[in-house]
Amino acid sequence: MASPSPGYSITLRVQAPSSFTATAELAAAVGSAGASITALDVTESHHDSIVVDVSCNTTDAAHGERVRDALNALDGVNVKKLSDRTFLMHLGGKLEVVPKVPLRNRDDLSRAYTPGVARVCMAIAENPDDARRLTVKRNTVAVVTDGSAVLGLGNIGPAAALPVMEGKAALFKQFANVDAWPVCLDTQDTEEIISIVKALAPVYGGVNLEDIAAPRCFEIENRLREELDIPVFHDDQHGTAIVTLAALTNALRVVDKKIENVRIVVSGVGAAGSAIIQLLQAQGAKNIVACDRKGAIHSGQNHTDEHRRWIAENTNQNAFSGTLHEALNGADVFIGVSAPNLLGEEQVKSMADKAIVFAMANPDPEIDPIVAARHAAVVATGRSDFPNQINNVLAFPGFFRGLLDAGASDITPQMLVAAADAIAARVDDDELNASFIIPSVFDPHVAGDVAAAVAAAAHAAHQGSAAESAE
């Protein structure tokens, strides 16, 4: 299933004989090695040789070495250097802090810093709510992790998690102009994480929890929501759920089915699976069977994990007790947030007519999407190299933009549904098809539409609370 990917993009600096066919020969060698050329740049030209930077996508690090060997095998060609473009992008990190105000002279300094800043400090001391108006708090989010469940890499720790959190912060800024900062904690103790985040909270207008393993992530989020006056959002749960609901909304339009009528099988009951189930139910789904490694979760089982217990009590009303493969027989929808290569062609073939398959395990999905597409009407993954990428970046930047704009202190299911509806609505009727059920992450309108929808839902929730208090 592996194919050349920008995630394994390399640049090879190659010295070659000067001739009219030199670059064509280099390109042919790269292609014969199975890589995908993205650029050929002649950086030096001499009377007897040229130096060419050859950029291409490969499948993995070993593939890059094979490309190097293929070029070196050409007569008179010498690969002087191989550079990994992903590592080059990360040199020195991906973030910086830039002042928003000029500091050109003593006048500027006197107002931005001492003595003028003391007046602003005292104003906040007298009215703490002014911190949102007079500091970075109004537009700043903490991206918090303990490194215990990073991407599909597992428990790799806070330092190794930092490149992901930097990337997350960059996405916040790029797509929604939200200033976010990585907060990678060198502890995996639940109480300590809660205590640290509470202590850091005065600086931030919101907290984005990221890559914290289940079931600790549930308690951390719940406690912080109860004990802080700023919104706390676990992206692995709610970001994934929002985009999944948006994609399913449009996939059901493609196959002309209703969410309340379809049978949905969810593989994976960790942070993402649990949140997906709850949000689908909030949108009207009535027939969901959730499966873990042992098979379907049902009310006849004893679960010490309160989240599995909730799933057992609130899903699978017919008490189906078979395996994941057996659960798929006749199912309309499969949603996978679990592990690679769990399904084969036969399982998808056993599903209902016009089936929907969301195989979202990363980097390798539960089934090869090309195989799934032989029988399913709509197929989506979490990958960028196949159609219908279900990507959290469609949700979290705009979601926090809306929360910050509304000055929200809490997150409601109505906000999550509103965000999903806004994402789904970005695909017009004349664009909608089996290969386009979700907008591109580079659609410039997505974040703004999500922000507006979330802010409207937040204002509605606030007005409802005010009306209840008045009564």
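This briefing describes the overall build of the protein, its charged side chains and salt bridges, and the surroundings of one loop residue.

The structure is a predicted model, and the values below are computed from it. The protein contains 18 helices and 14 strands, and buried residues account for 47% of its 471 residues. By the salt-bridge rule used here, the count comes to 24, and five of the residues involved are linked in a network: E191, K198, E219, R223 and E227.

**Overall build**

- For a chain of 471 residues, a compact globule would be expected to have a radius of gyration near 23 Å, and the 26 Å found for the protein agrees with that expectation.
- Taken along the principal axes, the box filled by the C-alpha atoms of the protein is roughly 90 × 75 × 45 Å.
- When contacts between residues at least 6 apart in sequence are considered, 67% of them join residues that are at least 24 apart.
- The protein exposes about 22900 Å² of surface, and carbon and sulfur atoms supply 51% of that area.

**Charge**

- The protein carries 37 positive and 58 negative side chains, and the centres of these two sets lie 3 Å apart.

**A salt bridge within helix α4**

- The side chains of D107 and R111 meet in a salt bridge, with a distance of 3.0 Å from N to O.
- Both residues belong to helix α4, which covers residues 106-112, and because they are four residues apart in that helix, about one helical turn separates them.
- D107 has a relative accessible area of 48% and is therefore classed as partly exposed, whereas R111, with a relative accessible area of 54%, is classed as exposed; the cut-off that puts these two residues in separate classes is 50%, since exposed means over that value.

**Salt bridges involving helices α8 and α9**

- K198 forms a salt bridge with E227, and the closest N and O atoms of this pair are 2.7 Å apart.
- This pair links distant parts of the chain, as K198 lies in helix α8 (residues 190-200) and E227 lies in helix α9 (residues 216-227), with their positions 29 residues apart in the numbering.
- K198 counts as partly exposed at 36% relative accessibility, and E227 likewise counts as partly exposed, at 34%.
- Within helix α9, E219 forms a salt bridge with R223, and the closest N and O atoms of that pair are 3.5 Å apart.
- E219 and R223 are separated by about one helical turn, because they stand four residues apart in helix α9.
- E219 is partly exposed, its relative accessible area being 39%.
- The two pairs do not stand in isolation, for K198, E227, E219 and R223 are linked together with E191 in a network of salt bridges.

**The loop residue A214**

- A214 is found in the loop that runs between strand β7 (206-209) and helix α9, the helix that also holds E219 and R223.
- With a relative accessible area of 41%, A214 is partly exposed.
- Leaving aside residues up to four places away in sequence, A214 touches G270 and A271.
- A214 and F399 are 185 residues apart along the chain, and their C-alpha atoms are separated by 23 Å.

Methods
Residues are numbered from 1 along each chain as its sequence is written. This is a predicted model: local features need pLDDT of at least 70, side-chain atom pairs count only at pLDDT 80 or more; totals for chains, interfaces and linings use all residues. Side-chain values use heavy atoms; hydrogens and water are left out. Helices (H or I, at least four residues) and strands (E, at least two) are DSSP runs, numbered from the N terminus. The radius of gyration is taken over C-alpha atoms; the globule rule is 2.2 Å times the number of residues to the power 0.38. Buried means under 20% relative accessible area, exposed over 50%, partly exposed in between (1.4 Å probe, protein chains only). Contact means heavy atoms within 4.5 Å. Accessible areas come from the Shrake-Rupley method with a 1.4 Å probe; for residues, only the protein chains shown count as cover. Lys and Arg count as positive and Asp and Glu as negative; His and the chain ends are not counted. The place of a charge is taken as NZ of Lys, CZ of Arg, CG of Asp or CD of Glu. A salt bridge is a side-chain nitrogen of Lys or Arg within 4 Å of a carboxyl oxygen of Asp or Glu.
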